[in-house]
Amino acid sequence: MGNESYEVRGSSIHERGLFATKSLKAGARVVQYVGEKISKKEASERALEWEHKAKKSGEGLVYIFELDDQWDIDGRIGENPARYINHSCDGNCEAINDAGEIWIIAERSIKKGEELTYDYGYDMEHFLDHPCLCGTSQCVGFIVREDQRLKVRRLLKNKKINKPQSTNQFKSQSKI
Ligand SMILES: [Zn+2]
């Protein structure tokens, strides 16, 4: 190691984020999302448990990454800087599955110092639980995968649910 093109520091999106320490070309491999390979069943049990904890303490985020139909990766175990990457409604990276390895790839050219972000791909089912503070002009206000954002926008319009404000609890949490 020692040749990384990223660093972890405080983010205006959420707590800590991953930032480019040099300029990256579109298609560049940034970092592998590593962790413990676990079954879907194990993953949903852990996710539920952590969600309960998160609601009580305001921390303990879920870091489960879908690998394929059978397996997930628990990214909270061990050294995994990729887990600090925040979601954005207009991300500059994407996650790809390359022969069973998850890699975060630059989706476009990225300048030194830019925060690295990608689409978490959350289903809209519980979208109100996952506010987004990415601050981009594309922001729908919640972490929802791209192909469902239009639906969420319509829902918000009809139900008159307000987008989360940028001054909410997330920003006030500790930063390094
Ligand atoms: Zn957003």
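**Strand pairing in the predicted model**

Strand E5 (residues 64-66) pairs with E6 in the antiparallel sense over three bridges; here, strands are DSSP runs of E with at least two residues, numbered from the N terminus, and two strands pair if DSSP finds at least two bridges between them. This is a predicted model, in which local features need pLDDT of at least 70, side-chain atom pairs count only at pLDDT 80 or more, and totals for chains, interfaces and linings use all residues. Residues are numbered from 1 along each chain as its sequence is written. Four residues lie between E5 and E6, and the two strands form a hairpin. Within this pair, isoleucine 64 has aspartate 74 in E6 as its bridge partner. E6 (residues 71-74) also pairs with strand E4 (residues 36-39), antiparallel over four bridges, with serine 39 opposite tryptophan 71.

Turning to the open sheets, one has three strands in the order E3-E9-E8, paired antiparallel. Strand E3 (29-33) and strand E8 (93-98) each have a single partner strand, so one side of each is left without a neighbour in the sheet. From one strand to the next, the twist averages 30° (axes are lines fitted to C-alpha atoms, and angles run from 0 to 180 degrees between N-to-C directions). Six bridges join E8 to strand E9 (residues 101-106), and asparagine 97 is partnered there with isoleucine 102 of E9.

Another open sheet contains four strands in the order E1-E2-E10-E7, with mixed pairing. Its edges are strand E1 (6-10) and strand E7 (86-87). E1 meets strand E2 (residues 16-20) in an antiparallel pairing over five bridges, where glycine 10 stands opposite arginine 16.
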